[in-house]
Amino acid sequence: MKKNSFLVLSMVLVLSLFLAACGGEDNGSSGEGGSEDPKLMSMLTGGTSGTYYPLGGAMAKVIKDETGIQTDAVSSNASADNVIALSEGEAEIAFVQTDVMANAVEGTNAFEGKAVDNVLAIGSLYPETVQIVTLADSGISSVEDLKGKKVSVGAPGSGTYVNAEQILEIHGMTMDDIDAQNLDFGESTGGIQDGNIDAAFITSGTPTGAVDGLSATNPVSIVPIAQEKVDELVEKYPYYAANTIPAGTYGMENEVNTVAVLAMLAVSKDLSEDLVYKITKAIYENTDAISHAKGEFITLETATDGIGIDFHPGAEKYFKEEGLLD
């Protein structure tokens with residue numbers, strides 16, 4: 001009897017050790033929901049004519065090279081749609097404007113009553129300039145001149161739409177004061193060139209490919225924002241910053257005063273701390289390997305600037321090690 005009891009006890013002990021080993025063998029590789037990290041990751045970017053898409057392709061390659069996980073840059077309608085897709089588990093990483101991300105977490109503007117609580121920050125990338133593009137001979141020289149004109153305000157779900165709405169607001173206008181067109185960057189500059197629209201809001205790092213393309217065939221102008229209006233906008237919406245487009249950009253003779261928000265990377269809360277740590281480290285320690293002009297603006301020193309939401313624990317761990325967070 002004692003021999004049988006000892007045998008049963010031994011079997012129970014072996015089974016317990018086996019289950020404990022199985023439960024602990026991921027060593028932090030699982031996401032917060034307990035699932036394994038993906039073997040393939042999607043990085044949502046923006047339209048193919050903007051900055052996000054080509055930059056995303058370059059960054060995806062760096063992430064794959066450093067983490068071993070295949071990462072694909074995917075074109076999209078940009079910021080707001082990207083946040084929704086992340087929150088619904090349709091992608092793992094996404095480019096987002098800092099202002100749109102703040103709106104999503106706060107449940108304001110396009111996210112009124114639909115606050116997002118499962119998307120976190122990796123870090124900021126570079127300033128995204130709000131460019132109100134028109135032809136040099138259009139007669140449009142101020143925001144007020146847009147009244148009654150056909151104006152592209154960005155693809156549905158884009159951060160550009162919110163920027164256009166807020167800039168019009170500061171000038172005492174609404175979307176009802178213009179003939180608003182929901183076009184992406186390529187469609188916007190094509191529409192300006194063809195004479196189908198008069199101007200377009202384009203929020204993107206400068207120089208933007210679509211605007212460069214337009215300037216190659218037509219003299220372009222960027223509508224300035226008066227300094228007092230810049231100050232009003234920044235006071236009401238602190239995620240904006242004053243910004244200047246240098247003379248020579250798009251062949252323009254003079255610099256142009258406008259505003260900018262920041263581009264950032266957001267990530268699904270479900271990715272593990274270990275994986276996001278590796279992604280963050282890969283990006284900010286290999287900026288020289290990002291084969292895009294914007295790579296020079298992505299720096300560790302500015303990685304936490306303008307982030308108004310919580311960092312993913314993996315990104316937070318990396319930035320604390322680097323002395324950027326307490």
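This report covers the overall make-up, aromatic contacts, nonpolar cores and salt bridges of a predicted model.

## Overall make-up

The protein chain has 326 residues, and 48% of them count as buried. Its secondary structure consists of 10 helices and 10 strands. The accessible surface comes to about 15000 Å², with 50% belonging to carbon and sulfur atoms.

Contacts between residues at least 6 apart in sequence were also examined; 75% of these join residues at least 24 apart.

## Aromatic contacts

A search of the whole structure gives 8 aromatic pairs. In one of them, Tyr-284 and Phe-319, the ring centres are 5.7 Å apart and the planes stand at 65 degrees; planes over 60 degrees apart count as edge-to-face, so this pair is edge-to-face. The pair links distant parts of the chain, with Tyr-284 in helix α9 (residues 273-284) and Phe-319 in helix α10 (residues 313-321), 35 residues apart. Both residues are buried.

Tyr-284 and Phe-319 belong to one aromatic cluster together with Tyr-277, Phe-311 and Tyr-318. A charged side chain also meets this cluster: Lys-317 lies over the face of Tyr-277, at 4.9 Å from the ring centre.

## Nonpolar cores

The largest nonpolar core contains 53 residues, and Tyr-284 is one of those that touch the most other members, along with Met-59, Ile-93, Met-101, Leu-125 and Ile-279. Leaving aside residues up to four places away in sequence, the contacts of Tyr-284 include Ile-122, Leu-125, Ile-298, Leu-300, Ala-303, Tyr-318 and Phe-319. Gly-123, Ser-124 and Thr-299 are also among the residues it touches.

A second, separate core has 24 residues, among them Val-130, Ile-132, Met-173 and Val-259.

## Salt bridges

Side chains of opposite charge can pair when their charged atoms come close. The structure holds 6 salt bridges, including three described here.

In helix α9, Asp-274 forms a salt bridge with Lys-278, with the closest N and O atoms 3.3 Å apart. The two residues are 4 residues apart in this helix, so about one helical turn separates them. Asp-274 is partly exposed at a relative accessible area of 31%, and Lys-278 is partly exposed at 41%.

In helix α10, Glu-316 and Lys-320 meet in a salt bridge at 3.8 Å, N to O. They too lie 4 residues apart, about one turn of the helix. Glu-316 has a relative accessible area of 31% and Lys-320 one of 41%; Glu-316 counts as partly exposed, as does Lys-320.

Lys-229 and Glu-232 form a salt bridge with their closest N and O atoms 3.7 Å apart. They are 3 residues apart in helix α8 (residues 227-236), about one helical turn. Glu-232 is partly exposed, at 36% relative accessibility.

Note on methods: Residues are numbered from 1 along each chain as its sequence is written. This is a predicted model: local features need pLDDT of at least 70, side-chain atom pairs count only at pLDDT 80 or more; totals for chains, interfaces and linings use all residues. Side-chain values use heavy atoms; hydrogens and water are left out. Buried means under 20% relative accessible area, exposed over 50%, partly exposed in between (1.4 Å probe, protein chains only). Contact means heavy atoms within 4.5 Å. Accessible areas come from the Shrake-Rupley method with a 1.4 Å probe; for residues, only the protein chains shown count as cover. Rings of Phe, Tyr and Trp (its six-membered ring) pair if their centres lie within 6.5 Å; planes under 30 degrees apart count as stacked, over 60 as edge-to-face and the rest as tilted. A charge sits over a ring if NZ of Lys or CZ of Arg is within 6 Å of the ring centre and within 35 degrees of the ring normal. A nonpolar core is a set of buried Ala, Val, Leu, Ile, Met, Phe, Trp, Tyr and Cys residues joined through side-chain atoms within 4.5 Å. A salt bridge is a side-chain nitrogen of Lys or Arg within 4 Å of a carboxyl oxygen of Asp or Glu.
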